[in-house]
Amino acid sequence: NATCAINVTFTPASAAVRQGMLQISDNASGSPQSVALSGTGTATTSTAPTVTITPSSVSVAATQGTISSPTTVTVTNSGNAPLHISSVAYSGANVSEFINPANPCAAAIASNASCSIAVSFAPLASGNGTDTISIADDAANSPQMITVAGTASPAFAVTSPSTALAATITAGQTATYSLQLTPGAGYSGNVTMACSGAPALAACTATPNPIPLASGSTTNFTVRVTTTARSFLVPYSNRRPSLPSAPYLMIVSLGLCLTAIVALYQVKARGTLTRRQFAYCSFPILALAASGLAGCASTGTPAFTTQSGTLRGTYTLILTPTAASMTGQPLQPAPVKLTLTVN
């Protein structure tokens, strides 16, 4: 009439139903006695944060030199433990063009709570760029990555018609280009124009310089290229002319002068010139011949010196603008090309 207790412990390896049998062997009749066992395994509740990013990619647009309106990225903790974000950082080739804020989610994010990250784009060059936001935290899938695609329009552009970008002049004249500079949406500031590519003995200037730009307003400016007239005289070399060039120049110079004197003599013979007038006309011709012969036969300073002037041809002038962003950073604007034809 006594009893004994046998304790059964169930330790499931997975969340499932398990069956078993307890057998008792003894000296009583009917040994061994059996007891059917049944157990149900259940899952253990996790205690970890889970991160959800919305949206997973961002597209932003701005004018070169300005700052875009912020785009919001939401970080949600869908787990059952607090989420701790240690850093929010940009990476990529265009990282300097995105404003990297201090960690806005430094405080722990409770379960089923969220935090917002503002993405702002401040492009220094026009065109397209892609970067990545990396979020480091204590979730299992850390770090989380967000792709950011930025599109930047130019800070300003020359909006004059193509006909205003070309000019044709004769050497000694001034080419004038009347141009318009229009800022992009939201941009304002001063633009300095540097001109290069002008031909020799020509000067290129822009007025006004710098060019003040106000947001939404077109500004007129002028580019002038001043050229130098060409002379018909050819300068002599500083070195002694090599044979047979020296005799050739001497013969040509003497022949031209003698021809001029003979022509004057014939005019005198017809009675048009007096003897004194003939002498006055002949003297400078003889002096010119003597000076030419001396220049051909000597070294040092040439007998005739002259400025050759701006050579004829077609030239490409480059206007290189310099400007700064609204945060003071130097921009990378595109150059402007002008065409100059000199006759």
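Partly exposed, as used here, means a relative accessible area between the 20% under which a residue is buried and the 50% over which it is exposed. With 44%, Pro 82 is therefore partly exposed. This is a predicted model, so keep that in mind throughout.

**Around Pro 82**

Let's stay with this proline for a moment. Pro 82 sits in the loop between E5 and strand E6 (85–91). Leaving aside residues up to four places away in sequence, Pro 82 touches Pro 49, Asn 77, Ala 108, Ile 109 and Asp 138. Take Pro 49: 33 residues separate Pro 82 from Pro 49 along the chain, yet their C-alpha atoms are 5.9 Å apart in space.

**The sheet with E3 and E5**

E5, which leads into that loop, belongs to an open sheet of 4 strands, ordered E3-E5-E8-E7 and paired antiparallel. At the edges you'll find strand E3 (51–54) and strand E7 (98–99), each pairing on one side only. E3 runs antiparallel to strand E5 (residues 71–77), and 4 bridges hold the pair in register. In that pairing, Thr 54 stands opposite Thr 74 in E5.

Thr 54 turns up again at a cis peptide bond: it is joined that way to Pro 55, with omega about -5°. Pro 55 lies in the loop between E3 and strand E4 (57–63). A second cis bond runs from Ser 142 to Pro 143, again with omega near -5°, and Pro 143 is in the loop between strand E9 (127–137) and strand E10 (144–153).

**The sheet with E11 and E13**

Another open sheet, also of 4 strands with antiparallel pairing, has the order E11-E13-E17-E15. Strand E11 (156–158) and strand E15 (203–207) are its edges; each has a single partner strand, so one side of each is left without a neighbour in the sheet. On average, neighbouring strands here are turned by 25° against each other, ignoring direction.

Here is how the pairs line up, with one bridge partner pair for each:

| Strand pair | Bridges | Example partners |
|---|---|---|
| E11 and E13 (residues 174–183) | 3 | Ala 157 and Thr 182 |
| E13 and E17 (residues 219–226) | 8 | Thr 176 and Arg 224 |
| E15 and E17 | 5 | Thr 207 and Thr 222 |

**A pocket at E11**

Which element gives the most to the lining of the second largest pocket? That's E11, with 3 residues. The pocket holds about 170 Å³ of space. Its lining counts 14 residues, and those nearest the centre are Phe 156, Ala 157, Val 158, Ala 334 and Val 336. Ala 157 thus has two roles worth linking: it lies nearest the pocket centre along with those neighbours, and it is bridged to Thr 182 in E13. As for chemistry, the lining divides into 12 nonpolar residues, 2 polar ones and no charged ones.

**Two loop residues with positive phi**

Finally, a couple of backbone oddities. Asn 112 isn't a glycine, but its phi is positive, at about 65°. Asn 112 is in the loop between E7 and strand E8 (114–121), and with a relative accessible area of 65% it is exposed. Leu 201, another non-glycine, has a positive phi of about 60°. Its loop connects strand E14 (189–196) and E15. Is Leu 201 buried or partly exposed? Its relative accessible area is 36%, so Leu 201 counts as partly exposed.

How values were computed:
Residues numbered from 1 in each chain as written. Predicted model: local features only at pLDDT ≥ 70, side-chain atom pairs only at ≥ 80, totals over all residues. Heavy atoms only, no water. Pairing = 2+ DSSP bridges. Axes fitted to C-alpha atoms, helices over the stretch in contact; angles between N-to-C directions. 1 Å grid on protein atoms, 1.4 Å probe; cavity = no way out; pocket = protein on both sides within 12 Å on 5 of 7 lines; lining within 4 Å. Points joined across faces, edges and corners; volume = space filled by probe spheres on them. Nonpolar A, V, L, I, M, F, W, Y, C, P; charged D, E, K, R; others polar. Buried < 20%, exposed > 50% of the residue type's maximum accessible area, 1.4 Å probe, protein only. Contact = heavy atoms within 4.5 Å.
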